[in-house]
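This report describes one protein model in plain terms, for a reader at the bench. Please look over the sequence and the structure before reading on.

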Amino acid sequence: MMLMLMMSFIMMTIANIFMLISLLISKKSFLDREKCSPFECGFDPKSLARIPFSLHFFLITMIFLIFDVEIALIFPIIPTFYLVNFLSWFKMSFFFILMLLLGIYHEWNQNMLNWSN
């Protein structure tokens with residue numbers, strides 16, 4: 001019992017020493033002028049870094065995320081066809097796809113899919 005306690009203390013001490021060494025080695029230096037600039041690609045910015053961001057890019061990103069996640073939710077529907085009752089599987093699948101279709105219709109109705117703004 002005492003041996004296990006001593007071994008765990010030694011392992012914890014070694015892990016802490018390694019974390020301290022990695023912290024000291026990986027110190028970031030803020031002396032580089034390009035790294036301190038708003039753009040980290042090495043050139044001087046010609047305009048302000050805080051220009052207004054188009055909301056349309058944000059909306060397109062949100063639409064992509066919603067319909068990207070739905071693909072991950074549709075994949076498990078296919079293998080469950082053989083595991084559950086057909087009627088309950090059909091109701092669940094129909095409801096899920098209906099929700100997606102209503103979502104895309106709402107986005108189309110709100111003109112979120114048009115880039116003309």
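How many aromatic pairs does the count come to? The count comes to seven aromatic pairs, where rings of Phe, Tyr and Trp (its six-membered ring) pair if their centres lie within 6.5 Å. One of these is the pair of Phe90 and Phe94, which is stacked, at 6.0 Å centre to centre and 20° between the planes; planes under 30 degrees apart count as stacked, over 60 as edge-to-face and the rest as tilted. Phe90 and Phe94 are four residues apart in helix α4 (residues 86-109), so about one helical turn separates them. Phe90 is partly exposed, because its relative accessibility is 42% (buried means under 20% relative accessible area, exposed over 50%, partly exposed in between, with a 1.4 Å probe and protein chains only). Ring pairs also join Phe90 and Phe94 into a cluster with Phe81, Tyr82, Phe86 and Trp89.

The model is predicted: local features need pLDDT of at least 70 and side-chain atom pairs count only at pLDDT 80 or more, while totals for chains, interfaces and linings use all residues. Residues are numbered from 1 along each chain as its sequence is written, and side-chain values use heavy atoms, with hydrogens and water left out.

The average pLDDT (the predictor's confidence in each residue, from 0 to 100) is 79 for the protein, and 74% of the residues score at least 70. Among the elements, helix α1 (residues 2-25) has the highest mean pLDDT, 90, and helix α2 (residues 33-36) the lowest, 61. Helices (H or I, at least four residues) and strands (E, at least two) are DSSP runs, numbered from the N terminus.

An unreviewed UniProt entry lists residues 6-25, 55-78 and 84-105 as "transmembrane region"; such annotations may be inferred rather than shown by experiment. Two of these spans are described below.

| Span | Helix | Strand | End C-alpha atoms apart |
|---|---|---|---|
| Residues 55-78 | 83% | 0% | 36 Å |
| Residues 84-105 | 91% | 0% | 30 Å |

Leu73 lies in helix α3 (residues 55-74) and is partly exposed, at 48% relative accessibility. From C-alpha to C-alpha, Leu73 is 9.2 Å from Phe96 in space, although 23 residues separate the two in sequence.

Met12 belongs to helix α1 and is partly exposed too, with a relative accessible area of 48%. Met12 also helps make a nonpolar surface patch of about 1,300 Å², whose members include Leu3, Phe9, Ile17 and Ile25.

Definitions and conventions: Patches are made of residues with over 30% relative accessible area and no salt bridge: like charges are joined within 9 Å, nonpolar side chains (Val, Leu, Ile, Met, Phe, Trp, Tyr) within 5 Å. Accessible areas come from the Shrake-Rupley method with a 1.4 Å probe; for residues, only the protein chains shown count as cover. A salt bridge is a side-chain nitrogen of Lys or Arg within 4 Å of a carboxyl oxygen of Asp or Glu.
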